[in-house]
Amino acid sequence: MTTRARIRRRWLAMLLVTLMPWGAIALASDEARASRSVANAFGDTHLPAPPRRVVTLYQGATDSAVALGITPVGVVDSWLEPPMYRYLRDALAGVEHVGLETQPNLEKVAWLDPDLVVATRFRHERVRPLLEKIAPTVATGSVFDFKASLALLAEATGREARARELLRDWDERVADFRRRIADTLGGAWPQKAAVVRFKSDHVRLYSTGFAGSILDELGFEQPDAVQDQGWGMKLTSEENIPVMNADVIFVLLEPDDPAIAENYRHWTSHPLWQRLDAVQNRRVFEVDAVNWIMGGGILAANAMLDDLYAHYGLATPRGHALPTAACTAGTAAQPRAQDEEPAAC
């Protein structure tokens, strides 16, 4: 072996020894970047790696997951249209169900071996210790704040860019609706809106919650009777019909329930109902309860806004690409490790 060859071999050996620690450091650095701490209603949750197996324990989280292009490995049953709302069925075909939102089956959750559980303090504070033993768990404070649900799930899964896109689209639609309805109604805007849900033995008049928060953002006002009344009012007698007086009434129905349909006919045939401003001005609109209160996520919020465009005869903006479940149906993949956009959208 020549002197030059020996020198070259020694130089390569020294180079390898020098580079090995840096390779280990680079690997550790990549792992550190992959881990994150997510502030949420349960405190700070440490996620050692980008989640790949997500379980959603309330409707707003399930809706948000589909909007973000995530296929959960487990979801809770829907309140209406069981086992899952129609607008999410294609995107969630074959996904395991883990019981009710109010009483999830923790054995099933554990069996799915998730690396992220998305809960809500409103529903799941009591079982929080058990959930946290199964997997890292993040939670929102309520079930109806669709923006909070979207932001939390996006941060936990590295989908912040997609969430910003969805919220930017939402803000543009809100601004467009406010502009169009003000131009259409003129001095009759803003309107007072009553959200009324008929049950088999009573009527609920909502002031807050999912629909109420969206109507408020759109510029509607509350009926005088429900201001400062918390979630709203429970009406058990037809004598209470005047408290529903508003410029427009949105009626939430469950058409598959005969008892609810009969109660609706009974109340709306009462003389006091006929005197309501919305009734006299033909501004009583029957709307989908899934879109208006049950869906709880940004896809449902956009469907509710679609209803409002239609009921007021307002043209949907040209070129608007509604981020519905159709965007991800059948194409939603497991959560991406990087903050990248879903190819289907």
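# Checking the labels: exposure, charges, rings and strands

Trainee: Why does lysine 192 count as partly exposed?

Mentor: Lysine 192 has 24% relative accessibility. Buried means under 20% relative accessible area and exposed means over 50%, with partly exposed in between (1.4 Å probe, protein chains only). The 24% falls in the middle class, so lysine 192 is partly exposed. Before we go on: this is a predicted model, where local features need pLDDT of at least 70 and side-chain atom pairs count only at pLDDT 80 or more, while totals for chains, interfaces and linings use all residues. Residues are numbered from 1 along each chain as its sequence is written, and side-chain values use heavy atoms, with hydrogens and water left out.

Trainee: What makes lysine 192 and aspartate 224 a salt bridge?

Mentor: The rule wants a side-chain nitrogen of Lys or Arg within 4 Å of a carboxyl oxygen of Asp or Glu. Here the N to O distance is 2.7 Å, so the pair passes. Lysine 192 sits in the loop between α8 (160-185) and β8 (193-198), aspartate 224 in the loop between α9 and β10 (232-235), 32 residues apart. Aspartate 224 is at 55% relative accessibility and counts as exposed.

Trainee: And how do you know that α8 is a helix and β8 a strand?

Mentor: They're DSSP runs: helices are H or I with at least four residues, strands are E with at least two, numbered from the N terminus. Residues 160-185 and 193-198 carry those labels. The chain has 14 helices and 12 strands.

Trainee: How many salt bridges does the rule give?

Mentor: The count comes to 14. Another one joins lysine 147 and glutamate 217, at 2.9 Å from N to O. Lysine 147 lies in helix α7 and glutamate 217 in helix α9 (residues 209-218), so this pair ties together parts that are 70 residues apart in sequence. Lysine 147, at 28% relative accessibility, is partly exposed, and glutamate 217 gets that label at 22%.

Trainee: What separates arginine 128 and glutamate 132 along helix α6?

Mentor: About one helical turn, because they are four residues apart in α6 (residues 128-134). Their side chains meet in a salt bridge of 3.0 Å, N to O. Arginine 128 is partly exposed at 24%, and glutamate 132 is partly exposed at 36%. Both belong to a salt-bridge network with Glu125.

Trainee: Why is the pair of phenylalanine 285 and tyrosine 312 called edge-to-face?

Mentor: Rings of Phe, Tyr and Trp (its six-membered ring) pair if their centres lie within 6.5 Å; planes under 30 degrees apart are stacked, over 60 edge-to-face, and the rest tilted. This pair has 6.0 Å centre to centre and 70° between the planes, so both the pairing and the edge-to-face label hold. Phenylalanine 285 lies in strand β12 (residues 284-288) and tyrosine 312 in the segment after α14 (298-311), so the pair ties together parts 27 residues apart in sequence.

Trainee: Are those two residues buried or exposed?

Mentor: Buried: phenylalanine 285 is at 12%, and tyrosine 312 is at 10%. Both residues also belong to a cluster of linked ring pairs that includes Phe177, Trp189 and Phe220. The structure holds 14 aromatic pairs.

Trainee: What makes β1 and β2 a pair?

Mentor: Two strands pair if DSSP finds at least two bridges between them. Five bridges join β1 (residues 36-40) to β2 (residues 43-47), so the criterion is met. They run antiparallel, and they form a hairpin with two residues between them. Serine 37 stands opposite histidine 46.

Trainee: Which strands form the open sheet, and in what order?

Mentor: The order is β5-β4-β3-β6-β7, with parallel pairing. β5 (96-97) and β7 (137-140) are the edge strands, each pairing on one side only. Two bridges join β3 (residues 54-56) to β4 (residues 74-75), so that pair just reaches the minimum of two.

Trainee: How do you know that the span of α7 agrees with expectation?

Mentor: The expected span of a helix is 1.5 Å times one less than its number of residues. For the 12 residues of α7 that gives 16 Å, and the end C-alpha atoms are 17 Å apart, which agrees. Among its buried residues are Phe146, Leu150 and Leu153. Just after α7, glycine 158 takes a positive phi of about 75°.
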